[in-house]
Structure formats: structure tokens, C-alpha cells
Amino acid sequence: MSKVKKEKKSFDKRKFRYGTLATTVTVVFVVALVLLNILASELTKRFDLKVDTTAEQIFAISDQTKEYLATIDKDVEISVMIAEEDMENGTMYTKLIKEIAEKYGACSDKISINFYDTEKNPEVVNKYSEYYSDSINYGDIVVFSEGRIKVLAMTDLFEVSVDYYTYTQKIEAVKADEALTSAVMFVADPNPPKMAILECQQSDSVAMSLAQLSEMFASNGYVVETIDPLKQDISTDYDMVILAAPYSDLTETVIDKIDAYLYNDGDLGKNLFYMANYDQRETPNVDAFLKEWGIEIGDGYIMNSDASSTIAAPIQGLQSYFESPMVEVADDYKEFINSEKIPMIMPASRPINLLFTEDDDRETSVMLTTPATCAVVDMEGNAGELTSHNVFVRGSKNIFVGPEKISSNVIVSGSAYFLDSLIESNSLNNKEFAIKLVNRYTGKDHGITILPKSLLTDVLNISESEARGINIAVIVVIPLIVVVIGMGVFLRRKYR
């Protein structure tokens, strides 16, 4: 039986050429995909290309912050005392702070963002400790520029509520934008304006209402100090002094100190922000002082009869919602608000009367008024006639140095609740108005109002295992599918 001669399969150069080309194309495609992924990640980090789809934009920084960062002309370091991989692999809060911090670097080439392991990088801690009297700890965020330093604890970047029944804490809002921008403003400004808050006896409701007053101004770049005018003089180093609703009258000695501060050895240029409140006792010394500036504060509090121009707002000091009249801004002061569509309210304000418009070197002006549908209610509940009332005014004394007009100003609010700690939302203009007003009279060039962002809404309702699955799919499964498809094309063409 003869053997069947096995036919020798010849080398097919054409198939080899196409097979090699298919393999090369597949490999190049996979490599290009990986490189594109890396490039996209770096570009996103460097130029802030991520889109924040959360309702409160918790991963974003405000337009005001971006505009301010664009003006910085000094190198600023933002150094987080946690290793970058620990931030990335930590809780949702550390990831949130990492992403927000990186946006600062993306907005200005003057800002560098660094992450350090304090145990592996003790030299970094030692470097900053030369400029900081307290200790720098794990989790702290150091903002530094040319010898000026601000150290934030991680907890400074969140609003925390306490349940006093269970003594548990809950993170309700993120205020990283506010805290970081304030720190950058502080270190980038070699001469930040100084403000003094005068200690005085206050009613419990006022003390509760203004608990965050110091923080509000400090977070906008002011150096805020509290002084006791009974024991200390009021230094003319302060650009503004705040006297918030003293429950009882001031002594003549304290009044004299305030007068001396505002007179400033004849140079003027100083400012007092005085807040009245409906629950004050009689204050004849304060009243006489204000009359010298053309201002008289009445008794009682203002209520509105028109529901369409009334807002029921939560007032911390009153521990309840309070129906407060919306107020109108005088034309000369509309620059202090971003939009007339966002209202301002004046809860339980005392009425204010101006004694003159101009008198030699003195003048007065109205800043805020109520609608004409408002009446003053006395402490027995009796309401007066309906009319418009002044609730926020300014009195000034002026001198001229050549063509330049220099003034000392006494700014008066009819209610301390105007800056209640709960009036902290994008729906009211109170805080914006106060910050911009103070900025104007202290000569502060940059001042921005940044509000905390609630964390009580769901960002993405997926479990940790689902998140891990998505991560594996993007990093492993999809590239693997591409490789398998490429190999399939190669084998199909090879054996076709």
C-alpha cells in the first residue's frame, strides 16, 4: 500500500503581513487608549475639566474664588498633611477635599498643591513649624506664602451638627471653598484689614444669633480680635470696630474711647458698625453718642402687614421662624449686592430716624428701608401707622486733605438678627451686603462671600461594592475586551 504524500503547507506571506498589521494596530490602539486615559486624567486635574453634577456643586469652587485666584501675584503653597494615596483611598470626605484642593492649583499657576506623609516627610513639617507657634498635625492643611502661614484642621472644612440627645456629630455641609479661599487671602495679603469686636453684655438671643460673627469676617480675610473696652483702649490700628447690641448702657469712659478711636487724632478714616436690637434696655449714653452722628433709634420692632414682601426665616437667636419684612436698598448702595432678585430681610428691627442730611462737616444717608406696609409694634403688641422705615443707616464726619475727602463712619443696623447665623443661604443677600459694605469702608480690595454647601443630598446612590465594580470595569474589563477583539481579528485573518 503506497503512502499518501503529505502536502507541505507553504508560508503565506500575505496572511503573515496582514496578521502582523492587525496585531500592530491592536497593540497601538491599546497603548493609545491607555495613554489617552492618563493624559485625560492629568488634563482634568490640571485644568479643572471635571463636571460636577451634584445639586449643591459640592466638588466645585465658586466663581468668586476663581476670579480672586486669577488676581494672585504671589506663590502660594497649599500642603495637605496626608499622603495623596491615603486621600484618594480614604473616606468620601478626604476624596472631596483632595478634589477641591486640586481645583485651586488648576485655577492659578501661582498655587501649588502638595500632599505629604508627616512621618515620611518630617522636613516639610519642620519647615512650616518655623513660621507657626502651634503644632502641625496629621490631617492639617497648611497654606503658606512668603513667611505668612495659615493652618487649617480638616474639621475646619466642614460644618458639623451635634445631637445633644445622643451626643453624636453629623457632617452636614462642606465649607472647604470658604476656608481655603480665606486662608489664601490671608497669606497672600501682607496687610490684611484688622477688625475689633467690643465685648459687652448681650441678651441671650443676640449672643446666640451672632455666635459666628467673628468667623464670618475672618473667613473673608480679616484679622478679627475681641477686646474689652472697659480694660483696653481701642487702637487706631483697627480699620473697623463692631459693637453688637449691648444689653445695657455703656459707661462714659467706653463712649470716650470709641470717640477717640473715630477721631483718630484728627485724621479720621475709622469706622464703627453698631447693631441695635429690640430687646435692649435703655441706653442713654449710647443714644447721646449716636445723635452726634445724626442718628436716633426708636423703640419697638417693625412688622410687615403685606405677606408678599415678608419672608418667614429661621432666626437662631429667636429659636424659631420669624416673619421678617424684605428691605429695599438705596441706589447709592446697590453695589453691595450681586442681584436685586435675591432679597434681604430685617428681622425685628428697631426704626431709625436721621436727624439731618448734612450739617457742616457731618452727613447721613439711608442704606436700607422697609416697604410702606410696615408698622412699629411696641412691647405691649400695639401697632403704629403703616409707613416705610429706615433700618440701616450711615452717619459720617468728614475732613478734606487737598481734594481728598476722608471720613469716619458710624454704620447702624436696627437689628442684630440681620446677621443671624442661620441667614447663611444663597436665598438671602444679608451676608453679601454686610461683607461688601465692610470691605468698602475698610478699603479692602478683595472680598468675597462664600456659603457652605449641604452634604445632605445624595451624590451618587451606589454601594461600595458597586463602585468597586465600576472601577474594575473601566480599568480592567473594557481594555481586556479591546485586547480580545483585537486577538480575534488577528486569528481570524491568520487562518482565513
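Begin the tour of this predicted model at the hairpin of β17 and β18: two residues lie between the strands, and aspartate 360 adopts a positive phi near 55°.

Next, select strand β17, residues 358-359. β17 runs antiparallel to β18 and is joined to β18 by two bridges. To locate the pairing, display aspartate 359, whose bridge partner in β18 is arginine 362.

Now extend the selection to the whole of β18, residues 362-369. Is this strand largely enclosed or not? Seven of its eight residues are buried, so the rest of the structure largely encloses β18. The cut-off behind this statement is a relative accessible area under 20%.

From β18, proceed to strand β20, residues 390-401. Seven bridges link β18 and β20, and the pairing is antiparallel. Select valine 366 together with valine 393 of β20, since these two residues are bridge partners. While viewing the strands, recall that side chains in a regular strand alternate between the two faces of the sheet.

Then add strand β15, residues 328-329. Which residue of β18 is the bridge partner of glutamate 328? The partner is threonine 369. β15 and β18 are antiparallel, with two bridges between them.

For the final stop, leave these strands and select Asp73, Asp75, Asp109 and Glu146, which form a negative surface patch. Centre the view on aspartate 75, located in the loop between α2 (63-69) and β1 (76-80). Its relative accessibility is 53%, so aspartate 75 counts as exposed; the cut-off for that class is over 50%.

Terms used
Residues are numbered from 1 along each chain as its sequence is written. This is a predicted model: local features need pLDDT of at least 70, side-chain atom pairs count only at pLDDT 80 or more; totals for chains, interfaces and linings use all residues. Side-chain values use heavy atoms; hydrogens and water are left out. Buried means under 20% relative accessible area, exposed over 50%, partly exposed in between (1.4 Å probe, protein chains only). Helices (H or I, at least four residues) and strands (E, at least two) are DSSP runs, numbered from the N terminus. Two strands pair if DSSP finds at least two bridges between them. Patches are made of residues with over 30% relative accessible area and no salt bridge: like charges are joined within 9 Å, nonpolar side chains (Val, Leu, Ile, Met, Phe, Trp, Tyr) within 5 Å. Accessible areas come from the Shrake-Rupley method with a 1.4 Å probe; for residues, only the protein chains shown count as cover. A salt bridge is a side-chain nitrogen of Lys or Arg within 4 Å of a carboxyl oxygen of Asp or Glu. Lys and Arg count as positive and Asp and Glu as negative; His and the chain ends are not counted. The place of a charge is taken as NZ of Lys, CZ of Arg, CG of Asp or CD of Glu.
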